[in-house]
Amino acid sequence: MKRRAASLLCHLAICLTVFIVWGRTFFVSEDGGFLLASGLGNLKYFTVLSNLLEGAASLIYALWLIRSWHGPWAAPAVLRRLHFAAATSVMLTFAVVMAFLGPVYGYRYMFTGFNLFFHLLVPLASAAVFCLVDRDGPVPFRDTFYAVLPMLLYGVVYSLNLIINGVGQRPNTNDIYGFARGGVPGAVLAFVSILVGVWGLALLLRLPRRKA
């Protein structure tokens with residue numbers, strides 16, 4: 001019961017943090033961070049989308065915990081997969097910041113203002129809750145493929161936007177991550193590499209839950 005209460009508090013905290021921070025970005029476009037946009041324009045970033053997915057997953061998980069408080073703690077498969085996919089997606093954001101964006105642009109910009117939450121605190125909290133708190137059952141190997149779906153969907157939409165609307169010129173380019181700089185081969189390689197990386201993160205997150 002104590003672990004269930006801890007899970008509920010963690011999910012509520014993550015949900016509130018995500019939606020409060022995202023709500024503030026509608027009114028403040030520059031807060032000292034990097035890769036920011038005001039209003040709905042911030043939805044073009046996977047960072048924002050992955051955090052919103054995590055916020056939504058935490059809200060749904062919290063509601064399910066409240067509804068089934070006195071029942072067995074075994075989340076339905078669809079909820080477990082949503083939780084897994086969301087945690088994996090925000091960890092991708094964290095991994096990209098630590099391995100690529102931080103060294104290139106400076107970690108100070110990556111962890112300033114709103115980015116402190118979306119690049120660091122929410123991803124680490126989500127991973128900790130998934131791996132250590134919500135141990136309501138083992139995570140099957142096949143679920144690692146579901147965890148890749150958010151990034152796969154984002155990549156498809158990103159590619160279609162480039163094909164339909166073109167790359168464009170900065171600061172209004174549609175290629176916000178620069179994947180098309182190397183042409184079609186480079187873009188395909190980058191996309192495949194990211195998908196493999198996401199799957200690798202899913203496998204890592206699954207390790208503590210293989211025999212939960």
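1. Eight aromatic pairs turn up when the whole structure, a predicted model, is searched. One of the pairs joins Tyr-61 and Trp-64 in an edge-to-face arrangement, with 5.6 Å centre to centre and 65° between the planes. The angle is over 60 degrees, so the edge-to-face label applies.

2. Both Tyr-61 and Trp-64 belong to helix 2, which covers residues 46-67. They are three residues apart, about one turn of the helix. Tyr-61 is buried, at 1% relative accessibility. Trp-64 also counts as buried, its relative accessible area being 15%.

3. Phe-84 and Phe-130 make a stacked pair, because their planes meet at 5° and their ring centres are 5.0 Å apart. Phe-84 sits in helix 3 (residues 77-105) and Phe-130 in helix 5 (residues 114-133), so the contact ties together parts that are 46 residues apart in sequence.

4. Are the two rings of this stacked pair buried or exposed? Phe-84 has a relative accessible area of 0% and is therefore buried. Phe-130 is likewise buried, at 0% relative accessibility.

5. Phe-130 has a charged partner as well: the charged end of Arg-209 sits over its ring, 4.6 Å from the centre. A second arginine, Arg-4, lies over the face of Trp-69, and here the distance from the ring centre is 6.0 Å.

6. One aromatic cluster is made up of Phe-46, Tyr-154 and Tyr-158.

Note on methods:
Residues are numbered from 1 along each chain as its sequence is written. This is a predicted model: local features need pLDDT of at least 70, side-chain atom pairs count only at pLDDT 80 or more; totals for chains, interfaces and linings use all residues. Side-chain values use heavy atoms; hydrogens and water are left out. Rings of Phe, Tyr and Trp (its six-membered ring) pair if their centres lie within 6.5 Å; planes under 30 degrees apart count as stacked, over 60 as edge-to-face and the rest as tilted. Helices (H or I, at least four residues) and strands (E, at least two) are DSSP runs, numbered from the N terminus. Buried means under 20% relative accessible area, exposed over 50%, partly exposed in between (1.4 Å probe, protein chains only). A charge sits over a ring if NZ of Lys or CZ of Arg is within 6 Å of the ring centre and within 35 degrees of the ring normal.
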